[in-house]
Structure formats: structure tokens, C-alpha cells
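Let's take a walk through this model together, stopping at a loop, a sheet and a patch on the surface. Have the viewer open and follow along.

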Amino acid sequence: MNLPRFLLPACAALLLLGDPAPAQRVASNQPGARQSPPPTTEVRVVQGVRLTGAAPTLDGRLDDSAWTSAEAASDFVQMRPDPGKPASERTEARVLYAEDALYIGMRMHDVHPDSIAAQLARRDASGVYSDWAHVLIDSYHDRRTGFRFSVNPVGVKKDVLHFDDSNEDVNWDAVWEVATRVDSTGWTAEFRIPLSQLRFSGAADEERVWGVNFSREITRRGEWSWWSPVLPTGGGTVSQSGELRGLQGIRSARRLEVLPYSVARLTRAPGEAANPFYRANDGSMSLGVDLRYGLTSNLTLSATLNPDFGQVEADPSQVNLSAYESYFAEKRPFFMEGANIFAFNVGTDDGSGESLFYSRRIGRTPQRYVDAGDGWVATPEATTILGAAKVTGKTAGGWTLGLLDAVTAREDARLASRTGQVTPEPVEPLTNYLVGSLSRDFRRGESALGLMATATHRQLHGREEFGFLRSAAYSAGITGRHRFAKGTWEASGYLAGSHIRWSEEAILR
């Protein structure tokens with residue numbers, strides 16, 4: 001029978017003192033961190049200079065004449081190990097811009113250039129013993145969202161999406177260029193960041209003001225310094241940025257990106273010769289396409305047909321002996337775009353990824369297990385995503401919205417008996433996923449209120465083999481936060497509930 005069952009709404013609230021980002025929590029544990037001065041109320045400003053001639057050559061030398069016309073952002077301040085004190089080495093950053101890109105040149109002076117730490121590593125690698133230079137751009141200027149571009153002295157790149165001021169998503173990737181060079185006075189980094197990789201709004205003829213910050217890590221001293229001070233007592237990262245002014249005559253492009261792809265596989269493995277599904281050389285091929293289009297300067301439409309897990313790196317192995325499902329980071333490009341908009345974490349921040357919406361369930365491994373008995377069975381590794389589309393964006397008025405819909409196919413396993421008869425056996429039903437999110441910032445990003453709702457529908461009617469699944473599941477929640485006392489304290493909380501449908505046995509399960 002159909003028996004609706006309600007789950008009790010969940011509610012949590014948190015009162016934080018100077019809630020820092022993870023890197024800042026390290027600083028707050030250093031001796032004397034609590035005695036550091038409060039963050040200054042004066043906002044640091046750097047002027048961007050428009051290119052009138054040839055763009056700088058990206059070679060890391062910073063000897064192009066255009067760089068001499070740009071003012072230097074200097075006087076960096078330590079975040080650690082001595083919050084609030086001047087950086088031990090001088091750092092300078094300059095900003096140039098054209099209609100299609102930002103150019104940022106950073107000079108990291110070092111009295112001992114032979115001691116500069118630099119290691120080769122994969123892109124976005126963490127835990128690398130190396131110096132780093134970082135550029136953080138808040139092109140929304142909402143003091144909550146930032147795009148960070150980082151490089152070490154040997155050119156290893158890292159790009160990170162900052163959201164909710166202090167959270168980070170290292171899975172975000174952008175298309176940008178950088179060149180580095182180590183010389184007798186230290187090292188340099190020369191960035192070219194296409195404007196198509198940033199999100200912003202406003203008329204092209206008006207002057208834009210963006211949030212910006214520059215930082216440097218000197219690993220041998222355990223030092224991390226910022227141009228606009230980021231202090232443990234300030235709370236957050238993006239909200240402590242300075243301002244980039246003077247940007248005129250640039251517009252957010254109506255981006256159209258079409259990425260067709262094909263995946264070919266060949267599996268060679270030992271097997272049972274009597275198994276009709278076994279092939280010594282088992283090959284397969286699939287086709288798909290990703291699309292992204294800028295509907296307006298604020299809204300982006302993304303779509304995908306038949307995305308494949310083969311596009312991305314394999315998940316790490318896990319041994320799960322608990323009653324809870326494993327959490328894997330999202331790596332598929334379609335679901336990574338605007339992922340922060342659909343974030344609604346519930347429970348404690350224990351790294352479990354528990355949220356109202358978990359995108360890795362879309363395209364998951366089929367949920368029904370089929371016993372082959374004395375025969376053989378071939379089960380699909382993943383559920384086919386027939387298609388998915390979403391609209392995401394943030395307006396100049398502080399509204400953030402996201403809408404996502406995805407459809408996954410019914411999947412069948414194939415059973416083969418000893419007599420050679422092959423029959424299909426359903427292992428996953430046709431399913432539709434729908435997610436919507438809407439939020440609004442207030443008080444220059446110091447406060448916010450958001451809503452989120454999800455709906456899952458499975459085609460189960462008349463399918464007894466899927467009695468263990470729920471035919472429909474709905475959830476909705478409201479979340480809010482408010483900073484006060486000059487950003488020293490923050491109160492945040494959420495109220496969420498869910499509703500599921502199908503048989504009493506499935507719901508109790």
C-alpha cells in the first residue's frame with residue numbers, strides 16, 4: 001500500500017566567535033593569536049589599469065612596459081604565524097585588464113632565493129611542500145564568493161572556488177594561464193585570467209568594483225601573508241578582501257561552450273570460458289556532449305547528454321563497515337558548475353557531506369542486487385543519465401538561484417543459465433531528480449536567507465522487485481545566517497524536513 005510517512009524536521013543553530021576558514025583555524029592555535037589586533041575597518045584599494053597597447057607576454061619576467069603603469073599593491077600582513085604583523089619579505093602585485101582578460105603580475109622578493117621551496121605536483125595537489133602565490137577575485141562583490149588562482153614557483157596550478165565566505169571547493173576548475181620565474185631577487189608569477197571564467201553583472205559602460213586579495217606562502221617559515229589582512233579574529237576569507245577599482249568597458253560574455261566527447265574502453269581480464277558474457281577483449285564505446293550557455297550576464301544554462309564517469313578520475317577505494325553510505329567528491333564537470341548554490345549541509349560539519357542534495361546519487365551504481373545462482377550475471381556499472389539541465393546564477397541585487405533536473409534510465413542486468421538462456425532482470429528504475437535553490441544576501445553579505453527543495457520520483461508501479469525502494473522522496477529547508485558585532489560573531493541555523501512515499505516496509509527500511 002501507499003503510506004506517506006513524515007520525518008521530523010531537523011533544526012540546528014550555531015553561534016560562532018570569529019569563525020575562521022580551515023587555514024585560519026591553524027593560525028588561531030598559534031601563540032599570541034588571540035592577542036592579534038582586530039581587523040582594520042579601512043578597505044584597501046588597488047586600481048586596475050586598462051591596456052592600451054600590446055598585452056604582456058606571459059613569460060614570468062614582468063619586464064613589459066605595461067607593468068610600469070600599474071600601481072603596486074604591497075605591505076602584506078601575516079595571517080600566520082604572527083597574525084597582524086608585517087610579512088617577513090616584500091611582495092608586490094599589479095593589475096592590468098583588457099576587454100577579454102585580467103593580467104596580474106606578482107613579484108615575491110626573497111633575500112635567500114636559493115631557499116625558495118618548489119615541488120612539481122599534479123594540479124590542485126594539496127599538502128605539497130612549496131611556496132605559493134594566490135590571487136582571490138570576488139567578481140560578484142558579494143563578500144561571500146571568490147575565485148582563487150594559485151601557482152607555485154615551478155608553475156604548478158591550483159584553482160579553488162570560495163563560497164559562504166570561508167568554505168572551499170578545490171574541484172572547481174577554470175581555463176587560465178600563468179608563467180613563473182625564479183631569479184636572484186626572488187620569484188615572479190604572471191597571470192592571464194580570461195573574463196569568461198569569472199561571473200559578474202552590470203552595464204559595460206559603468207565602472208565595476210570587485211573584491212580582490214593577493215597572498216603569499218613562504219613554506220620554510222610557515223608564513224602565510226595577505227595584502228588585505230585576513231586575520232583569525234575577522235572570520236571568513238572573502239569578506240576580508242580589498243577592492244579592485246577602475247574596471248571599465250568590460251562585459252560578461254554570452255558564453256557558448258559545446259564539448260562533445262567519446263569514451264572507448266577495452267578490458268582484458270581472466271574469466272570463465274563458459275560464461276557467455278566473458279570476452280578476453282571486452283570493448284565498448286559511448287558518446288555524449290556537455291553544453292554551457294550564458295542566458296544573461298547573471299544566468300548560465302548548463303546541459304549534458306549521456307555523461308560518463310570515464311571522463312574523470314577514479315574514486316579512491318574505501319572500506320565502509322558502517323550503516324551509512326560512503327561520500328565521494330563530485331568530479332563530473334556538469335555537476336561541479338555552480339555546486340555551491342545547491343549546498344545545504346545538515347548535521348555537524350564532520351566531513352561526511354550530509355546534505356539535502358547529493359549529486360553522486362544521480363548516475364549511481366544500480367541499487368538492486370541480482371543473484372546469478374548457478375549461472376552468470378552481467379550488471380551495468382552505473383546508471384545511464386539520459387539527460388540533465390540546470391540554470392544557475394547570481395544577480396547584482398543579491399539573489400542567488402539554481403534549478404536542476406536530471407533523468408536516469410531504467411537499467412537491466414542480464415542473467416544467463418547453464419542452458420544458455422539469457423533473460424533481462426531490472427536493477428534500477430527510470431528516475432527523475434529535481435532540485436531548486438533560492439537565497440538572498442542582505443547587509444553587504446553579512447546576512448542571508450535561503451530556501452531549497454528537492455524531489456525524486458521513481459517509476460515503480462507494478463514492479464515488485466523494487467519493493468525495497470521508495471517511489472518518491474521530497475525534502476525542503478530554510479537556512480539563515482547573521483553576522484554582528486563588526487563581524488566577530490555569527491549566528492546561523494536551518495530548519496529542514498522530508499517526506500517519502502511507497503510501501504510501509506520500504507519506508508521502515
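Helices and strands here are DSSP runs, with at least four residues for a helix and at least two for a strand, numbered from the N terminus. Please keep in mind that this is a predicted model.

With that in hand, let's begin at N281, which sits in the loop between β16 (256-267) and β17 (282-294). Is N281 buried or exposed? Its relative accessibility is 44%, and because partly exposed covers the range between the 20% and 50% cut-offs, N281 counts as partly exposed. Leaving aside residues up to four places away in sequence, N281 touches L266, T267 and R268. With R268 there is also a polar contact, side chain to side chain, at 2.3 Å. P270 is 11 residues from N281 along the chain, and the C-alpha atoms of the two are separated by 9.8 Å.

Next, the sheet. Five strands form an open sheet with mixed pairing, in the order β3-β5-β6-β12-β11. At the edges stand β3 (49-50) and β11 (177-183); each has a single partner strand, so one side of each is left without a neighbour in the sheet. The partner of β11 is β12 (residues 186-194), and these two pair in the antiparallel sense over 7 bridges. One bridge to find in your viewer links D183 with G186 in β12.

Finally, turn to the surface, where F442, L449, L451, I478 and L495 form a nonpolar patch with about 430 Å² of accessible area together. Among them, L449 belongs to strand β25 (residues 447-458) and is partly exposed, at 46% relative accessible area.

Key: Residues are numbered from 1 along each chain as its sequence is written. This is a predicted model: local features need pLDDT of at least 70, side-chain atom pairs count only at pLDDT 80 or more; totals for chains, interfaces and linings use all residues. Side-chain values use heavy atoms; hydrogens and water are left out. Buried means under 20% relative accessible area, exposed over 50%, partly exposed in between (1.4 Å probe, protein chains only). Contact means heavy atoms within 4.5 Å. A polar contact is a pair of N or O atoms within 3.5 Å; within protein, one must be able to donate a hydrogen and the other to accept it, and residues adjacent in sequence count only if both atoms are side-chain atoms. Two strands pair if DSSP finds at least two bridges between them. Patches are made of residues with over 30% relative accessible area and no salt bridge: like charges are joined within 9 Å, nonpolar side chains (Val, Leu, Ile, Met, Phe, Trp, Tyr) within 5 Å. Accessible areas come from the Shrake-Rupley method with a 1.4 Å probe; for residues, only the protein chains shown count as cover. A salt bridge is a side-chain nitrogen of Lys or Arg within 4 Å of a carboxyl oxygen of Asp or Glu.
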